[in-house]
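Colleague: I would like to go through this model with you one point at a time, with the reasoning spelled out. Shall we begin once it is in view?

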Amino acid sequence: VEALDALDAGTFAPTPQPEDGVSLAPKIGADDRELDTAMSATALANRIRGLAPHIGVRCEIDGQPFKIWAATPLDATAPPGLHADGDRLILGCATGSLEITQLQPPSKARMDASAFLRGWRGELELA
């Protein structure tokens, strides 16, 4: 607010960033795009959110490449791996569990997990 007021008054003077404490943000690599179930559910949900809507988090379900676009961490724990719970797609993580809410099968459009589960006939095996 102070900077906006100074800008409006014509008294704003930019201040260069100090050299001390500067850090680099490395480029997103292939390893950053992979679904890592060793992470906590919250950290994994943050990664998915951070890589959406352009990059997505990659995984293989039943040997086919998928992208995960949206997920929500859950307080409840789930067994390791991917599971269907009614029309919900649940992933057991190192700490907590994750509800995958939007994903993209190979050569298809993004879809809600419930629509995916209604049409999926393969195994829910993560590779």
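## Salt bridges and their surroundings

Colleague: How far apart are the closest N and O atoms in the salt bridge between Arg88 and Asp85?

Modeller: This is a predicted model, in which local features need pLDDT of at least 70 and side-chain atom pairs count only at pLDDT 80 or more, while totals for chains, interfaces and linings use all residues. Residues are numbered from 1 along each chain as its sequence is written, and side-chain values use heavy atoms, with hydrogens and water left out. A salt bridge here is a side-chain nitrogen of Lys or Arg within 4 Å of a carboxyl oxygen of Asp or Glu, and for Arg88 and Asp85 the closest N and O atoms are separated by 4.0 Å.

Colleague: Which residue joins Asp85 and Arg88 in a network of salt bridges?

Modeller: The structure holds 2 salt bridges, and besides the one with Asp85, Arg88 has a side-chain salt bridge at 3.2 Å, N to O, with Glu99. That pair links distant parts of the chain, 11 residues apart, with Arg88 in strand 4 and Glu99 in strand 5; helices (H or I, at least four residues) and strands (E, at least two) are DSSP runs numbered from the N terminus. The residue that is linked with Asp85 and Arg88 in the network is therefore Glu99.

Colleague: Is Glu99 buried or exposed?

Modeller: Buried means under 20% relative accessible area, exposed over 50%, and partly exposed in between, with a 1.4 Å probe and protein chains only. Arg88, at 29%, is partly exposed, as is Asp85, at 45%. Leaving aside neighbours within four places in sequence, Glu99 is in contact (heavy atoms within 4.5 Å) with Ala70, Ala71, Thr72, Leu74, Arg88, Leu89 and Ile90. Because its relative accessibility is 17%, Glu99 counts as buried.

## Helix 2

Colleague: Within what arc do the buried residues of helix 2 fall?

Modeller: In helix 2, Ala41, Leu44, Ala45, Ile48 and Leu51 are buried. The arc is taken from the directions that run from the helix axis to the C-beta atoms. Seen down the axis, these buried residues line one face of helix 2, because they fall within an arc of 135°.

Colleague: Which strands do the buried residues of helix 2 pack against?

Modeller: Helix 2 covers residues 41–51, and its face turned away from the buried side carries the exposed residues Arg49 and Gly50. Gly50 counts as exposed because its relative accessibility is 57%. The buried residues, for their part, pack against strand 1 (57–61), strand 2 (64–74), strand 4 (88–92) and strand 5 (97–104).

## Backbone and cysteines

Colleague: What is omega at the cis peptide bond between Ala52 and Pro53?

Modeller: Most residues other than glycine have a negative phi, and most peptide bonds are trans. Pro53 is in the loop between helix 2 and strand 1. The bond that joins Ala52 and Pro53 is cis, with omega at about 10°.

Colleague: What is phi of Ser107, which is not a glycine?

Modeller: Asp62, in the loop between strand 1 and strand 2, has a positive phi near 55°, and this residue is partly exposed because its relative accessibility is 34%. Ser107 lies in the loop between strand 5 and strand 6 (111–112), where its relative accessibility of 82% makes it exposed. Phi of Ser107 is also positive, at about 60°.

Colleague: How far from the sulfur of Cys59 is the nearest cysteine sulfur, that of Cys93?

Modeller: A disulfide is taken as a pair of cysteine sulfur atoms within 2.5 Å, and by this rule the count comes to 0. Cys59 counts as buried because its relative accessibility is 8%, and Cys93 likewise counts as buried because its value is 10%. Cys59 is in no disulfide, and the sulfur of Cys93 lies at a distance of 12 Å.

## A surface patch

Colleague: How much accessible area do Leu4, Leu7 and Phe12 have together?

Modeller: Patches are made of residues with over 30% relative accessible area and no salt bridge, like charges being joined within 9 Å and nonpolar side chains (Val, Leu, Ile, Met, Phe, Trp, Tyr) within 5 Å. Leu7 lies in helix 1 (residues 2–9) and counts as exposed because its relative accessibility is 54%. Accessible areas come from the Shrake-Rupley method with a 1.4 Å probe, and for residues only the protein chains shown count as cover. On the surface, the nonpolar patch of Leu4, Leu7 and Phe12 has a joint accessible area of about 330 Å².
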